Amino acid sequence: MKRLIAADKGFYKKVAKIAIPIALQGLITTGVNMMDTIMIGAVGETELSAVSLANQFISIFHIFCMGIGMGASVLVARYYGMNDNSSLKKTITIMLRLCLGLSLLFSVATFLLPKEIMLIYTPETNIINFGIDYLNYSVASYVFLGLSLTSTIVLRNVGQVKIPLYTSIAAFFVNVGANYVFIFGVDFLNIKAMGVAGAAVGTLIARVFEFSVICGYLLFIDKEISYKIRDLFKPVGVLWREYIRISIPVLISDGILALGNNSVAMIIGRMGESFVAGNAVTTVAQQLSSVMIQGFSQAGAIVTGYTLGEGDKKKAQDEGYAFLGIGFVFGLIAALIITIISAPMITAYNLSEETQDIARELMLSISIIMVFQATNSIMTKGVLRGGGDTKVLMLADNIFLWVASLPLGALAGLVFGFPAFWVYFFLKFDQVLKAVWCVIRLNSGKWIKKVRTESEI
């Protein structure tokens with residue numbers, strides 16, 4: 001316990017300075033998602049289920065982009081700590097090129113195969129048709145989402161946390177306003193109600209706004225990196241080798257994890273419309289309660305990268321234990337928040353009695369899982385990743401998911417017909433296993449890896 005709280009006050013101030021703006025930005029994003037869900041839920045349960053499942057596919061892209069961005073952030077934070085601006089810029093170039101390629105791939109897939117995408121998640125014809133409407137209007141959103149998301153991660157890694165926060169606040173109002181207008185229509189503006197398609201249009205408008213501000217700031221205003229459009233076309237030399245060694249395992253890990261999470265959605269999608277709608281409600285609650293965890297996870301990666309960039313391994317190890325303690329505390333706080341908000345949140349939606357019962361069971365299960373998820377998230381997505389331990393994390397993330405959670409969840413839900421509480425618990429059992437493994441890995445000290453500069457490759 002002494003090791004968990006041994007860090008000096010300066011450490012906690014530094015962490016809070018990074019984590020709180022990121023957490024507030026996450027809170028705003030979750031607020032947008034909640035408003036979207038409430039507005040679509042007011043249209044109908046089928047529409048709510050369709051948007052929820054269509055967003056599962058878009059979330060694959062989101063997680064891949066997070067993998068690209070967080071993989072690059074391992075190098076960005078380390079090079080920033082070393083004051084190696086040349087390597088830092090080239091890392092950003094590689095990241096943006098990967099993001100653009102991925103955006104094109106997902107846009108083409110969504111444009112050509114919307115029905116096939118929805119069939120992955122559900123056999124329900126009505127849900128599929130509404131999902132197709134949503135996906136058709138989402139084709140153009142990938143490039144704006146991807147570039148703004150990865151650029152935000154870079155800005156955070158060099159201490160620019162306020163710009164993304166302020167942008168998210170403005171985007172909240174843009175998104176909610178646009179969604180209301182296009183979902184329900186406005187007579188005096190002669191805008192007809194578009195329902196599910198209107199939700200996609202509103203989200204697209206918000207994505208364009210975020211992209212314009214975030215990427216505009218990075219390319220034309222920021223002086224910390226001084227990255228310009230011309231840098232995107234410059235050769236990156238041999239640095240791509242270090243990017244592949246450190247960052248690509250993060251992309252692969254998050255990518256396979258995204259496929260695993262979508263396999264969870266596939267299982268849920270085959271358990272009936274009520275289960276899908278109940279899960280859509282609880283997803284927002286889970287996001288709302290875990291925003292601080294996300295903030296501290298990214299702070300863990302950034303601070304660890306800075307410390308190791310300065311060459312202080314012992315300090316990084318001590319800070320790792322402090323982050324472990326932070327994860328456990330905020331896991332308990334998140335569980336308490338879910339318990340408090342579950343009842344009013346469920347009643348805020350236009351749900352059947354069966355769906356409400358399922359949502360209550362899921363909320364209880366999530367509150368328990370959150371304690372373990374918070375602990376391992378701050379370690380795997382933060383400290384251990386910041387230490388460069390990306391290959392081992394790639395293996396651990398996916399072994400626990402594919403070997404334990406998915407088989408157990410499928411058996412519980414599709415074979416034995418367990419109650420919703422146990423189905424969700426087994427689908428997320430990897431969070432429990434990873435929490436235990438993270439403590440063992442941190443103790444070993446083997447998670448601290450050397451990152452090479454361009455001159456050392």
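Reader: In which handedness of crossing does helix 2 pass helix 5?

Author: Handedness depends on which way the near helix is turned from the far one by less than a right angle, clockwise being right-handed. In this predicted model, helix 2 passes helix 5 in a right-handed crossing, and the contact is made by residues including Thr46, Ala50, Leu53 and Ile58 of helix 2 together with Ile127, Phe130 and Tyr134, among others, of helix 5. Sorted by class, that contact of helix 2 with helix 5 holds nine nonpolar, five polar and one charged residues.

Reader: At what angle do the axes of helix 2 and helix 5 cross, and what is the orientation of helix 2 to helix 5 called?

Author: The axes of helix 2 (residues 45-82) and helix 5 (residues 125-136) come within 8 Å and cross at roughly 55°, which makes helix 2 oblique to helix 5.

Reader: Which residue in the loop between helix 2 and helix 3 has a positive phi although it is not a glycine?

Author: That residue is Asn83, whose phi is about 60°; Asn83 is exposed, with a relative accessible area of 71%. Ser226, in the loop between helix 8 (196-220) and helix 9 (239-246), also has a positive phi, near 60°, but Ser226 counts as partly exposed because its relative accessibility is 28%.

Reader: Is Tyr321 buried or exposed?

Author: Buried means under 20% relative accessible area, and Tyr321, in helix 13 (residues 313-347), counts as buried because its relative accessibility is 7%. Tyr321 and Val439 are 118 residues apart in sequence, while their C-alpha atoms are 8.9 Å apart in space.

Key: Residues are numbered from 1 along each chain as its sequence is written. This is a predicted model: local features need pLDDT of at least 70, side-chain atom pairs count only at pLDDT 80 or more; totals for chains, interfaces and linings use all residues. Side-chain values use heavy atoms; hydrogens and water are left out. Helices (H or I, at least four residues) and strands (E, at least two) are DSSP runs, numbered from the N terminus. Buried means under 20% relative accessible area, exposed over 50%, partly exposed in between (1.4 Å probe, protein chains only). Axes are lines fitted to C-alpha atoms, for helices over the stretch in contact, and angles run from 0 to 180 degrees between N-to-C directions. Angles under 35 degrees count as roughly parallel, over 145 as roughly antiparallel, 65 to 115 as roughly perpendicular and the rest as oblique. Contact means heavy atoms within 4.5 Å. Ala, Val, Leu, Ile, Met, Phe, Trp, Tyr, Cys and Pro count as nonpolar, Asp, Glu, Lys and Arg as charged, and the others, Gly among them, as polar.
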